[in-house]
Every structure is written in C-alpha cells, then in structure tokens.
Amino acid sequence: ASAVVGAVFAEDVFDEGANAEVTYVLEEVLPGGAERVPLDGVFKVDGHNGTIFVNVPLDHEAAANYSLVIRATDAGKPTPLATRTTVTVRVSDVNDNPPQFGATQLPTGRLAITENQGAGQHVA
C-alpha cells in the first residue's frame, strides 16, 4: 500500500482556464546512501494534485535519502511551459538490526578456561 510522504504545488497565476491547469510528473529519483537500490516504482507523484507517494518500505541502511526531481507543466497553448523542483526525502534510521557477535569472538561457540582462573581476568 502506498503512503503519502508530501506534496508539491505550482500555479500559473498569469493564465486562466485550461492554460492555467498544472500537471506533475516525477522525472528522476536519485538515492543517497551506501548501496544502490532499485528505483522502479519506489515513489510516484499524482499528476493532478502533486501528492508524493512511497510505494515500498524504505531502509535507511540502503539509502539515507532520496532526491526526487518533479516537473510541473501548464496546459498553455500553443506551447506548454514547465518548471522543475527537487524534493529531498530523508529516511529515518530505526533500530531494525540486532547486534551480532563477530566471527572471531568464539568461533566454536565454546570457551575453555583453567579451573584456577582468577576472578576479573580476561578469558576470551
């Protein structure tokens, strides 16, 4: 299910009627983060009202933010006019990964100590 993450709004104050109608298109999505992520269908923009939706769960470890390039175009005749804006979506980091023991800590899962090992001494 899609979730609303925001909206853009543009208006053509110098035109009237159909010439002043504005539509929106998501032109480009650029991820910022450590890993490359598939971007097909991650975000969409409602062409009539500029509402921005996210269509899939986002992961901060995959991309900490996304830059969305959105174009607004009027319905002017004979030549429609357009403008672009960039919207940054920041992905909050949540505690979604448990801690892990390193492989070098106890490779066998067992620890051998002598029976006279003193209290407070390092054993691993």
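Leave aside the neighbours within four places in sequence, and Thr73 is in contact with Glu21, Val22, Thr23, Pro80, Leu81 and Ala82, where contact means heavy atoms within 4.5 Å. Thr73 lies in strand β5; helices (H or I, at least four residues) and strands (E, at least two) are DSSP runs here, numbered from the N terminus. At 17% relative accessibility, Thr73 counts as buried, a label that means under 20% relative accessible area, with exposed over 50% and partly exposed in between (1.4 Å probe, protein chains only). The side chain of Thr73 also makes a polar contact of 3.2 Å with the side chain of Arg71. Such a contact is a pair of N or O atoms within 3.5 Å; within protein, one must be able to donate a hydrogen and the other to accept it, and residues adjacent in sequence count only if both atoms are side-chain atoms.

Some ground rules before going on. This is a predicted model, so local features need pLDDT of at least 70 and side-chain atom pairs count only at pLDDT 80 or more, while totals for chains, interfaces and linings use all residues. Residues are numbered from 1 along each chain as its sequence is written, and side-chain values use heavy atoms, with hydrogens and water left out.

Now zoom out. The chain has 0 helices and 6 strands, so from the N terminus on the elements simply run β-β-β-β-β-β. Of its 124 residues, 23% count as buried. Among contacts with a separation of 6 or more, 60% come from residues 24 or more positions apart. The accessible surface comes to about 9,300 Å², with 52% of that belonging to carbon and sulfur atoms; these areas come from the Shrake-Rupley method with a 1.4 Å probe, and for residues only the protein chains shown count as cover.

Next, the inside. A nonpolar core is a set of buried Ala, Val, Leu, Ile, Met, Phe, Trp, Tyr and Cys residues joined through side-chain atoms within 4.5 Å. The largest one has 16 residues, of which Tyr24, Phe43, Ile52, Tyr66, Leu68 and Ile70 touch the most other members. At least two residues of this core come from each of β2 (22-32), β3 (43-45), β4 (51-54) and β5 (65-74), and β5 has the largest share, with 4 residues.

Two of those core members are worth a closer look. Ile52 touches Ala3, Val4, Val5, Gly6, Ala7, Val8, Phe43, Lys44, Val45, Leu68, Ile70 and Val87, again not counting residues up to four places away in sequence. Leu68, found in strand β5, is buried with a relative accessible area of 0%. With the same sequence neighbours left out, up to four places away, Leu68 touches Leu26, Glu28, Val29, Phe43, Ile52, Thr85, Thr86, Val87 and Val89. The C-alpha atoms of Leu68 and Pro31 are 8.8 Å apart, with their positions 37 residues apart along the chain.

How many aromatic pairs does a search of the whole structure find? It finds 1. The ring centres of Phe43 and Tyr66 are 5.1 Å apart and their planes stand at 65°, so the pair is edge-to-face. For the cut-offs, rings of Phe, Tyr and Trp (its six-membered ring) pair if their centres lie within 6.5 Å; planes under 30 degrees apart count as stacked, over 60 as edge-to-face and the rest as tilted. This pair links distant parts of the chain, since Phe43 is in strand β3 and Tyr66 in strand β5, 23 residues apart. Phe43 is buried at a relative accessible area of 5%, and Tyr66 is buried at 4%.

Another ring has a charge for company: the charged end of Lys44 sits over the ring of Phe53, 5.2 Å from its centre. That call needs NZ of Lys or CZ of Arg within 6 Å of the ring centre and within 35 degrees of the ring normal.

Over in strand β4 is Thr51, which counts as buried at 16% relative accessibility. A polar contact of 2.8 Å joins the side chains of Thr51 and Asn49.

Finally, the loops. Most peptide bonds are trans, but the one from Lys77 to Pro78 is cis, with omega near 5°. Pro78 lies in the loop between β5 and β6 (82-90). Ala18 is placed in the loop between β1 (3-7) and β2 and counts as partly exposed at 47% relative accessibility. The C-alpha atoms of Ala18 and Lys77 are separated by 8.8 Å, although the two are 59 residues apart along the chain.
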